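The following exercises concern one structure and are solved step by step. Please examine the sequence and the model before reading on.

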Amino acid sequence: MTETTSLGHTMVDDEFDDCYKEKAGPKPPMRIVWRNVVLMALLHIGALYGILLVPSASPLTLLWTWACFLFSALGITAGVHRLWSHRSYKATLPLRLFLALGNSMAFQNDIYEWARDHRVHHKFSETDADPHNATRGFFFSHIGWLLVRKHPDVIEKGSKLELSDLKADKVVMFQRRFYKSSVLLMCFAVPTVVPWLFWGESLWVSYFVPALLRYAVVLNASWLVNSAAHMWGNRPYDANINPRENRFVTLGAIGEGFHNYHHTFPYDYSTSEFGWKLNFTSCFIDTMCFLGLASDCKRAARSVVQARAQRTGDGSKKPGIQRSG
Ligand code: ST9
Ligand code: ZN
Ligand code: ZN
């Protein structure tokens, strides 16, 4: 059973656990998955070719590419990240269906697998049990972790996580069951066919720009949160952890680069204390609340944030800064 607090919040297994100690002795050998290496190389070559085709795409196709970017990005940020991994707000069935479709368009593993890997990332951050352990370097935390077998501790610790809330969510389980077909449809077929069918774009351009290029951009924007935002930026809330506040990542990842704040207060639905500032995802969730499609947004109290910043921050936070949104 999933536990709830006295405030009715769902308890989520995403708090850092400092009891875990990495095993002593040599690390297990890295086992490369060549199939993934080839597929990722082809995707990125296709995306680079897509950049060359951008000038020949019609304005409507470019607008459509942007819409597909936003929809798939929200399927990650508002969907599998803030809703399903952290349970930082509640969403009605229509909104969960919308986010699951966007999530399939983003093709980053199904919601269940993504949320399981993400909870284990927070709980055992920057250890052997973290799937994209940033202490193994930029390349590993960015893309390398998807090209090799996982460290056994990721699987061992991940299998002990509390995931009953995900198993109980019919939308999550439905998407997992039909994941491959939903990806073919949402990530590749819909982005390619719509411009061809509705405004006569060539199938060639539609495939390489709104499908492949957009997919690769969303992937890299997401991966930058694991790589760059664990390496470069200030640590105003907790200087003892590596995740950082990175504006560049925030811009590309529609509000997900406030990563020092996020690892310190993983339950906060806004992943930052600045409301809508550089945070389209928070703007989207607030709009959903306004429309009655979302509710129960959790927030770190301002006094808690200030006290924590004073106690463990690196001193870069301006005192008394006002929170907006
Ligand atoms: C992708 C994911 O790109 C991206 C995630 C980004 C995260 C970002 C987070 C930052 C915060 C949010 C910001 C968002 C910003 C968005 C901005 C948008 C503009 N616990 O996996 P296998 C079990 S995906 C427990 O094969 P291997 C598993 O169930 C890209 N158990 O491991 C299985 O058991 P069984 C597309 C676990 O063999 C067994 O272990 N996809 C766990 O080591 C084996 O599982 C790809 O590229 C766990 N955590 O292979 C595919 N994990 O057999 C990538 C696993 O019983 N995946 N298990 O079913 C793969 O090919 C493989 O997983 C592998 C590892 C090769 C990487
Ligand atoms: Zn998170
Ligand atoms: Zn992180």
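**Exercise 1.** Determine how the residues of the shell around ligand 1 divide by character, and which come nearest.

*Solution.* The shell divides into 15 nonpolar, 10 polar and five charged residues; Ala, Val, Leu, Ile, Met, Phe, Trp, Tyr, Cys and Pro count as nonpolar, Asp, Glu, Lys and Arg as charged, and the others, Gly among them, as polar. Nearest of these 30 residues are Ala73, Lys150, Gly158, Ala221 and Ala253, where a residue is near if its C-beta atom, placed from the backbone, lies within 6 Å of the molecule.

The model is predicted: local features need pLDDT of at least 70 and side-chain atom pairs pLDDT 80 or more, while totals for chains, interfaces and linings use all residues. Residues are numbered from 1 along each chain as its sequence is written, and chains are lettered from A and ligands numbered from 1 in the order in which they are written.

**Exercise 2.** Identify the helix that gives the most to this shell.

*Solution.* At least two residues each come from α2, α4, α6 (152-158) and α10 (203-226); helices are DSSP runs of H or I, at least four residues, numbered from the N terminus. The most, six residues, come from α10.

**Exercise 3.** Describe the packing of α2 and α4.

*Solution.* Helix α2 (residues 59-85) packs against helix α4 (residues 111-123) at an angle of about 60°, with axes 10 Å apart. Therefore α2 is oblique to α4, a class for angles outside under 35, 65 to 115 and over 145 degrees.

Note on methods. Axes fitted to C-alpha atoms, helices over the stretch in contact; angles between N-to-C directions.
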